[in-house]
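The following exercises practise the reading of a protein model together with its bound ligand. Please study the sequence and the structure before attempting each task.

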Amino acid sequence: MDKFVIQGGTPLTGSIATSGSKNSALPALAAALLTDEPVVLRRIPRVRDIRTMERLLVDIGSEITVDEEAVTLRTEKIVSPEAPYELVKTMRASSLVLGPLVARAGRARVSMPGGCAIGARPIDFHLSGLRHLGAEIFQEHGYIEAVAPNGLKGANIVFDRITVTGTEDILMAAVLAEGETVITNAAREPEVVDLAEMLTKMGAKIEGAGTSVIRVQGVSKLHGVTHEIIADRIEAGTFVVAGAITGGDLTITDCVADHLGALITKLNQAGMKVTARDATTIEVKSGGTLLPVDMTTEEYPGFATDLQAQYMALMTQADGISIITETIFENRFMHAQELMRMGANIRLDGRRAIVAGRSRLSGAGVIASDLRASASLVLAALVAKGETVIDRVYHIDRGYEKIEAKLAGVGAKILRVE
Ligand code: EPZ
């Protein structure tokens, strides 16, 4: 298992380019199942979760070619509408093939995702949505069987709570359902909007993506498409925090500044100087003393849960007490223990973490857990005194493309050790 060896203390200066969004690429890849024509996707990040999804699609029946420029997929026939446990257990986003398979092939057999480090993460909302569209759902031997031999029929679907991949799954089923589907309490994340744009270019009829009510008029067939994935707002946000925590002067390019409004506002409240130089460029200058500012995670456009761990690492350097509240997942504070091993002063109280800064962090041997918790350990290591060794960096490789090369490019002393 690869490790990162990081020497802390160097302010990051220079410019880092953002890759395509993993969480937009995953539904876009699944959406290729909805047509038998070629689908060309540009700016797909070469990260582990993407390779897992590509393997799953090949098993299902897609022909995939990957080159520098794009990923080209063609699914002339669904050979096996299944997502096996071996793949689903490594990536719960495999449930994104549920909607497309039921819509295209009339059936799907997908392993239950099982929990993951950050929580139980059921897919009950995905399943109730498919039921409303006319699919029959069975559960046995740890698998979900969904069948709709007579096709799907449009319906009114109201999500009990906002779900990003639930919205994406149901959207991909509804575009080929007969008649109108209205999705209420839909997720408003930019990745949902990106998927809707791709589906619309394939011939789907969708209104309201990006709002909490999405209307779909079903069509009988979708055609091929060439689509470029949006920038990864979580990767970009992670680098914004990297600039802030190291007291550097960092420019993040090729991102969508509008997607990071909540983070930019919060960091400026904390005394940083974070500005959008233009629509695709964010500049971070440390403003001197870092102030403690409370933060609560919320669905988009609120402060992203995927940036909570990174923000906690930053707040260990603030002068005073800050309270971080995680409202999306029930167990997303694993990074707190590891940060404490580096010298942070954090008290966990259910959904709240009370961070008492400023702590002088010192390098230590730490272990990565979930993707974003691992990113927060990298950030802490960049500011810690001495050497930090982060084990199990495959967690980071799931969602960050060449992170050590990108950070080294702006002065970080970081090495990947096989
Ligand atoms: C997506 O996960 C992202 N993954 C996550 O990013 C992100 O943290 C999350 O949205 C929240 O923004 C992808 O897009 C591939 P949810 P998703 O359904 O869709 C509960 C990363 O680091 N829920 O919006 O799985 C769920 O347990 C990953 O890139 C149900 O109870 O999240 C959670 O508490 C981590 N039943 C809440 O809703 C369901 O059927 C929101 O989950 C579905 C969800």
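**Exercise 1. Cis peptide bonds**

In which loop is the place of P301? Then describe the peptide bond that leads to P301, and treat R358 likewise.

Solution. The model is a predicted one.
Step 1. P301 belongs to the loop that runs between β18 (295-296) and α10 (308-315).
Step 2. From Y300 to P301 the peptide bond is cis, and its omega is near 10°.
Step 3. A cis peptide bond also leads from G357 to R358, with omega near 5°.
Step 4. R358 has its place in the loop between β21 (352-357) and β22 (365-367).

**Exercise 2. Positive phi values**

Determine the phi of D254 and of K402, locate both residues, and decide whether each is buried, partly exposed or exposed.

Solution.
Step 1. D254 has a phi near 55°, which is positive although the residue is not glycine.
Step 2. The loop between β15 (249-253) and α9 (261-269) contains D254.
Step 3. The relative accessibility of D254 is 39%. Partly exposed residues lie between the limits of 20% and 50%, so D254 is classed as partly exposed.
Step 4. K402, likewise a residue other than glycine, has a positive phi near 50°.
Step 5. K402 is found in the loop between α13 (394-397) and α14 (403-408).
Step 6. The relative accessible area of K402 is 58%. Exposed means over 50%, and K402 is therefore exposed.

**Exercise 3. The surroundings of helix α4**

Why can helix α4 (residues 98-105) be described as largely enclosed by the rest of the structure? Which phi does G106 take just after α4?

Solution.
Step 1. The buried residues in α4 are L98, G99, P100, L101, V102 and A103.
Step 2. Because six of the eight residues of α4 are buried, the helix is largely enclosed by the rest of the structure.
Step 3. G106, just after α4, takes a positive phi of about 80°.

**Exercise 4. The two domains**

Into which domains is the protein divided? How many residues of each domain are in contact with the other?

Solution.
Step 1. The division gives domain 1 (3-19 + 232-417) and domain 2 (22-228).
Step 2. Taken over C-alpha atoms, the centres of domain 1 and domain 2 are 31 Å apart.
Step 3. Contact between the domains involves 26 residues of domain 1 and 21 residues of domain 2.

**Exercise 5. The ligand and its shell**

Which residues come nearest to the ligand? Continue with the polar contacts, the buried area and the make-up of the shell.

Solution.
Step 1. There are 23 residues around the ligand, of which R92, D124, T165, D306 and I328 come nearest.
Step 2. An oxygen atom of the ligand lies 2.6 Å from a polar side-chain atom of R92.
Step 3. Backbone atoms also take part: a polar backbone atom of P122 is 3.3 Å from an oxygen atom of the ligand, and a backbone N or O atom of F125 is 2.8 Å from an oxygen atom of the ligand.
Step 4. The ligand exposes 820 Å² when taken alone, and the protein buries 91% of that area.
Step 5. Sorted by class, the shell holds 10 nonpolar, five polar and eight charged residues.
Step 6. At least two shell residues come from each of α1 (22-31), α5 (124-132), α6 (164-174) and α12 (371-383).
Step 7. Domain 1 and domain 2 each contribute at least three residues to the shell around the ligand.

Conventions:
Residues are numbered from 1 along each chain as its sequence is written. This is a predicted model: local features need pLDDT of at least 70, side-chain atom pairs count only at pLDDT 80 or more; totals for chains, interfaces and linings use all residues. Side-chain values use heavy atoms; hydrogens and water are left out. Buried means under 20% relative accessible area, exposed over 50%, partly exposed in between (1.4 Å probe, protein chains only). Helices (H or I, at least four residues) and strands (E, at least two) are DSSP runs, numbered from the N terminus. A residue is near a molecule or strand if one of its heavy atoms lies within 4 Å of it. A polar contact is a pair of N or O atoms within 3.5 Å; within protein, one must be able to donate a hydrogen and the other to accept it, and residues adjacent in sequence count only if both atoms are side-chain atoms. Accessible areas come from the Shrake-Rupley method with a 1.4 Å probe; for residues, only the protein chains shown count as cover. Ala, Val, Leu, Ile, Met, Phe, Trp, Tyr, Cys and Pro count as nonpolar, Asp, Glu, Lys and Arg as charged, and the others, Gly among them, as polar. Domain bounds come from an automatic or database domain assignment. Contact means heavy atoms within 4.5 Å.
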